[in-house]
Amino acid sequence: FAIDASSYFGEIDSQPLAQSDAKGEFTVTAVAPGSYRFRARHADFAAATSSITAVDANGTRELVLLTVKKGIALRGRVVTTDKAAVAYANVSLAGSADGTRSTTALADGTFEFKAVALAAGAEALEKTKLLARSETATSKPLPLAQLAPNANVARDIENLELVVDQVGKIAGTTVDEAGAAVPEASVVAYLDPSKNGGDLMELMTQTATATSDGDGNFVVYGLGDGEYSLSGSRGGQMQWGGLPQNPTNAKTGATGVRVVVPGEGKIVGKVAFADGSAPKSGTARVGWLKNANLIDGAFVIESVPAGNYALRVKGTGFVEGAKNDVAVKGGATTDVGTIVVERGRNIAGVVRDTKGKPVAGAKVYVGEMIIASGKGIADSGAATSGEASAESGGDGTFSFGGIGAKATTVVAEHSSGRSFAVP
């Protein structure tokens, strides 16, 4: 078994911390004091998770995992309405205790999910669904509750048949704000949760995409009945920064649909302290992907799709700043002016081991909330807003600047272990 750990109730590391031996025993070393959940994974068994286990600084803590259960297998075949095999279809399993999983059907249309962990109960099985998608068609979501009327699945499920009978499509053209065709644009058609209800993850499995041709024409295939929201973006990349702000709505079977691909503009501005001086370094960011470095306090963010955004600036020696409702128009430059930031507090200290000796090369984190996995703080994405990090010097010293007035926590981490959190 592969052993993972997490100190919060979220995703657990994909890389194991340890492997159990022939007796099922394992050892995880250099675990910092704290509360953890441990999980065992194996190809033939459903994942097992421990109860919360407290680890202190006084020595080894024995741990007993929940009893592992052999997960069931789901085996079946993807076919057309006339029972012909559909090769290499994508098959998704959404709503299981292990989250959403996917696999690719073989050339003969067969597929298999191994070691599936299913929650007991009619409601849980109703939410656990299989769906297959080929290049031109999809199957209807198949709830496992239909296969287990007694709301309890204890054996492998064989001979499943996913019929890709949803062959609906929406056709149209990608255009810019002036109505001119936009070639090679990405188009996504999705069921808006606010209009269709249901489970978000299930709706996401029913999302379909297409790329417009040289004349801007596109066809999205494999849609079920319903009203879809369609959006487009340039350069083969989906729009970033959240759900599309102005999607086009169309029902399955519609043709001549015009999907407006937002034009791109740029954002310029400056970051400065109250005395007019500029921070030494930092970044300005909008959305998920677009950012620019500060150069003498100034920044230029290029190729931003038209829309409204929240702008964030952060860096060394100043408290994170923000400007909301930044409107970007295609082909235009949006000047946000000067964002005035505070220098904030300075935090300095020394990292020492249990014997009082300085620890060089330790990673030190400060933030309102610091999240860590059993593998490391950096591996889990570290902290929330206000997070900063530094490395201790040869004498164990570290320092931070630009820390806000909100309550913060400081944690040090080294290959030999992790410190207690210091408020």
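Reader: Why does threonine 174 count as buried or exposed, whichever of the two it is?

Author: In this predicted model, threonine 174 has a relative accessibility of 0%. Buried means under 20%, and therefore threonine 174, at 0%, counts as buried. Threonine 174 belongs to strand β13, which covers residues 168–175.

Reader: What does threonine 174 touch, leaving aside residues up to four places away in sequence?

Author: With those sequence neighbours set aside, threonine 174 touches Ala180, Ala181, Val182, Ala185, Val187, Ser212, Gly216, Phe218, Val259 and Val261.

Reader: What makes the link between the side chains of threonine 174 and serine 212 a polar contact?

Author: The side chains of threonine 174 and serine 212 are joined at 3.1 Å, and a polar contact asks for a pair of N or O atoms within 3.5 Å, so the value of 3.1 Å satisfies that cut-off. A polar atom of the threonine 174 side chain also lies 2.6 Å from the backbone oxygen of valine 182.

Reader: Why is lysine 83 called partly exposed?

Author: Lysine 83 has a relative accessibility of 45%, and because the partly exposed class runs between the limits of 20% and 50%, lysine 83 is placed in it. Lysine 83 sits in the loop between β6 and β7, and its phi is positive, at about 70°, although lysine 83 is not a glycine.

Reader: How do you know that aspartate 325 counts as exposed?

Author: The relative accessibility of aspartate 325 is 69%, and exposed means over 50%, so aspartate 325 counts as exposed. Aspartate 325 is part of strand β25, residues 318–328, and it too is not a glycine, yet has a positive phi, of about 55°.

Reader: Which residues have the most contacts inside the largest nonpolar core?

Author: That core has 22 residues, and those with the most contacts inside it are Leu74, Val78, Val91, Phe111, Phe113 and Leu130. At least two residues of this core come from each of the strands β6 (72–79), β7 (90–96), β9 (110–116), β10 (129–133) and β12 (157–163). Another core, of 19 residues, lies apart from it and has Phe299, Ile301, Val313 and Phe318 among its members.

Reader: What does phenylalanine 111 touch, again without residues up to four places away in sequence?

Author: Among the residues that phenylalanine 111 touches are Leu74, Val78 and Val91, and the list also includes Thr103, Ala105, Leu160 and Leu162.

Reader: What makes β23 and β26 the edge strands of their sheet?

Author: The sheet is an open one of 3 strands in the order β23-β20-β26, with mixed pairing. Strands β23 (298–305) and β26 (333–340) each pair on one side only, and they are the edge strands. Direction ignored, neighbouring strands of this sheet are turned by 20° against each other on average.

Reader: How do you know that β20 and β26 pair?

Author: Two strands pair if at least two bridges are found between them, and β20 (residues 264–272) and β26 have 6 bridges, so they count as paired, here in the parallel sense. Alanine 272 stands opposite valine 340 in β26.

Reader: How many helices and strands does the protein chain have, and what percentage of its residues is buried?

Author: The protein chain has 3 helices and 32 strands, and buried residues make up 40% of its 423 residues. The chain exposes about 22400 Å², of which carbon and sulfur atoms supply 49%.

Conventions. Residues numbered from 1 in each chain as written. Predicted model: local features only at pLDDT ≥ 70, side-chain atom pairs only at ≥ 80, totals over all residues. Heavy atoms only, no water. Core = buried A, V, L, I, M, F, W, Y, C linked by side-chain atoms within 4.5 Å. Buried < 20%, exposed > 50% of the residue type's maximum accessible area, 1.4 Å probe, protein only. Helix = DSSP H or I, 4+ residues; strand = E, 2+ residues; numbered from the N terminus. Contact = heavy atoms within 4.5 Å. Areas by Shrake-Rupley, 256 points an atom, 1.4 Å probe, with all protein chains shown as cover. Polar contact = N/O pair within 3.5 Å; in protein donor to acceptor, adjacent residues only side chain to side chain. Axes fitted to C-alpha atoms, helices over the stretch in contact; angles between N-to-C directions.
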